[in-house]
Amino acid sequence: MSSSNPLAPSWLAVPNDANVLPSAVWSQNTTRDVSGEVVIAGVGASTIAQRFGTPVYVVDEADARTRALTIRSAFDREFARVGSSAKVYYAGKAFLCTEVARWVTEAGLNIDVASGGEMAVALAAGVDAGRLGLHGNNKSLAEIDRAVAAGVGAIVIDSVIEIERVAEAAARHGRIQPVRLRINSGVHASTHEYLATAREDQKFGIPLADAPGVVALIRERESLRFLGLHSHIGSQIFESDGFAEAAHRLFGLHARLLEGGEVPELNLGGGFGIAYTSVDDPLDITEIARRFADIVSEGATEFGIPVPVVAIEPGRSVIGPSTTTLYEVGTIKDVEVSLPDSAATAVRRYVSVDGGMSDNIRPSLYGANYSARIVNRASEASPALVRVAGKHCESGDIVVHAEYLPGDVTPGDLLGVPATGAYGWAMASNYNYLGRPPVVAVRDGVARVIVRGETEDDLLSRDAGVRP
Ligand SMILES: Cc1ncc(COP(=O)(O)O)c(C=O)c1O
């Protein structure tokens with residue numbers, strides 16, 4: 001086994017075999033065939049690259065559908081156990097296109113949309129508006145109007161100003177609009193930790209203490225129906241304590257609000273973490289469902305009230321693990337780096353690929369860690385520490401901060417970066433005038449484009465100064 005590079009982060013171990021695809025990180029139907037090539041749902045990585053080019057997002061359709069079904073059935077089962085039911089909304093912000101909207105609704109999920117644009121995609125997919133929830137701290141009047149006119153199942157009110165706006169739109173359309181109220185519970189969770197403060201400094205929601213007054217204002221409006229409270233405490237969460245704390249805080253308020261009228265539902269948001277690297281150890285969704293059901297039923301017993309219908313909004317945990325981005329290696333460079341507090345140096349190998357921060361901003365934006373493998377072949381070469389860099393004109397343009405790849409990685413190799421389904425394409429940009437890559441769904445040996453990639457002509461077509 002080769003020794004570790006001192007530039008490697010402490011969590012990254014030298015793998016015994018840098019060809020292995022850890023099953024927690026790669027989509028369910030991804031394997032290596034006898035030749036050593038990676039095959040996703042029956043289609044070889046090289047075939048995908050040849051047909052669709054690189055970079056390309058490759059979605060393992062059965063993986064995404066199975067995860068949606070698993071989450072829904074876990075919550076159905078656990079909430080039936082405590083005498084209630086659950087509504088699962090897919091958080092479309094993670095990745096939405098009409099195909100994905102159909103996959104998740106066919107699995108029995110509703111869809112949470114965060115803008116008029118996301119709502120338009122869901123409606124274009126033929127999703128019943130009653131199965132949509134609309135979020136946002138600054139929905140435009142036009143977005144509110146369209147949502148109400150379409151008949152969305154719930155609008156999440158995020159500020160006092162919005163009560164008037166939604167109520168007026170509903171009255172204008174002769175509707176009674178179901179609404180939730182987003183609460184800033186003071187609990188903010190992030191990976192491996194959670195923080196609970198009395199008042200959190202953030203733009204979303206209404207402080208817990210102000211909520212009774214705000215709910216009273218909602219209840220005064222004849223064109224609104226108050227469905228219940230909503231809380232979302234963060235994303236990529238690995239510990240259930242933050243959810244438990246937020247649920248506990250919200251539950252006390254929920255019980256109080258029942259004294260003034262109906263409160264049929266309680267929305268506890270999304271944020272369940274997934275594995276991006278082999279050291280990530282996310283909570284099992286069945287365990288989350290069991291914990292949520294226990295917290296809510298224990299709260300109901302404590303306050304002597306009925307167990308509410310609980311809504312949740314997972315995005316990343318439904319779509320994130322399903323997708324692998326394929327890139328082609330272009331250049332390779334060994335850079336000698338001084339070690340901190342020492343005269344010694346070590347070599348970091350920069351492996352540059354044909355995409356980067358325009359197809360996945362998360363490593364640059366949040367310092368998010370990903371993993372990678374050579375996918376066109378297996379290799380016997382000893383692992384070497386690499387940093388996978390993008391091709392953008394930005395030194396922070398990193399795709400994978402640190403990974404051990406076979407030391408013979410070479411230009412022309414294909415690299416696969418797993419778990420890119422959530423907030424990859426959704427946050428993609430045209431930085432440096434790169435077209436956004438296509439999204440290709442693979443299933444049972446068949447690959448098909450579900451979102452076309454952008455061409456330079458697409459990009460130029462929006463430039464009003466281009467002369468014929
Ligand atoms: C209100 C709300 N609900 C749900 C989600 C989905 O979170 P995740 O994709 O981490 O499950 C988010 C993500 O930021 C959110 O802001």
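**Salt bridges, pockets and a surface patch**

Q: Which side chain meets Arg 443 in a salt bridge?
A: The side chain of Glu 61 does, at 2.9 Å from N to O. A salt bridge here is a side-chain nitrogen of Lys or Arg within 4 Å of a carboxyl oxygen of Asp or Glu.

Q: Where do the two sit in the chain?
A: Arg 443 is in strand β22 (residues 439-443) and Glu 61 is in helix α2, 382 residues apart. The pair links distant parts of the chain. Helices (H or I, at least four residues) and strands (E, at least two) are DSSP runs, numbered from the N terminus.

Q: What kind of model is this?
A: A predicted one: local features need pLDDT of at least 70, side-chain atom pairs count only at pLDDT 80 or more, and totals for chains, interfaces and linings use all residues. Residues are numbered from 1 along each chain as its sequence is written, and side-chain values use heavy atoms, with hydrogens and water left out.

Q: Back to Glu 61. Buried or exposed?
A: Buried, because its relative accessible area is 2%. Arg 443 has 36%, so Arg 443 is partly exposed. The cut-offs: buried is under 20% relative accessible area, exposed over 50%, partly exposed in between (1.4 Å probe, protein chains only).

Q: Which residues are linked with these two in a network of salt bridges?
A: Arg 65, Glu 99, Arg 102, Glu 106 and Arg 448 join Glu 61 and Arg 443 there.

Q: How many salt bridges does the structure hold?
A: It holds 26.

Q: What forms a salt bridge with Lys 87?
A: Glu 265, with the closest N and O atoms 2.5 Å apart. Glu 265 is in strand β14 (residues 265-267) and Lys 87 in strand β5 (residues 86-91), 178 residues apart. Glu 265 is buried at 6%. Lys 87, at 30%, is partly exposed.

Q: And what about Arg 373?
A: Arg 373 forms a salt bridge with Glu 403, at 3.5 Å between the closest N and O atoms. Both residues are buried.

Q: New topic. What volume does the largest pocket have?
A: About 1,100 Å³. The search runs on a 1 Å grid over the protein atoms alone: a pocket is an open set of points where a 1.4 Å probe fits, with protein on both sides within 12 Å along at least five of seven lines. Grid points are joined across faces, edges and corners, and the volume is the space filled by probe spheres set on the points.

Q: How many residues line the largest pocket?
A: There are 47, each with an atom within 4 Å of a point. His 232, Gly 234, Ser 235, Arg 316 and Tyr 366 lie nearest its centre. The lining divides into 15 nonpolar, 22 polar and ten charged. Ala, Val, Leu, Ile, Met, Phe, Trp, Tyr, Cys and Pro count as nonpolar, Asp, Glu, Lys and Arg as charged, and the others, Gly among them, as polar.

Q: Which element gives the most to that lining?
A: β10, with three residues.

Q: Where is Tyr 366 placed?
A: In helix α11 (residues 362-366). Tyr 366 is partly exposed, at 48%. Leu 365, Tyr 366 and Met 427 form a nonpolar surface patch with about 290 Å² of accessible area together. Areas come from the Shrake-Rupley method with a 1.4 Å probe; for residues, only the protein chains shown count as cover. Patch residues have over 30% relative accessible area and no salt bridge: like charges are joined within 9 Å, nonpolar side chains (Val, Leu, Ile, Met, Phe, Trp, Tyr) within 5 Å.
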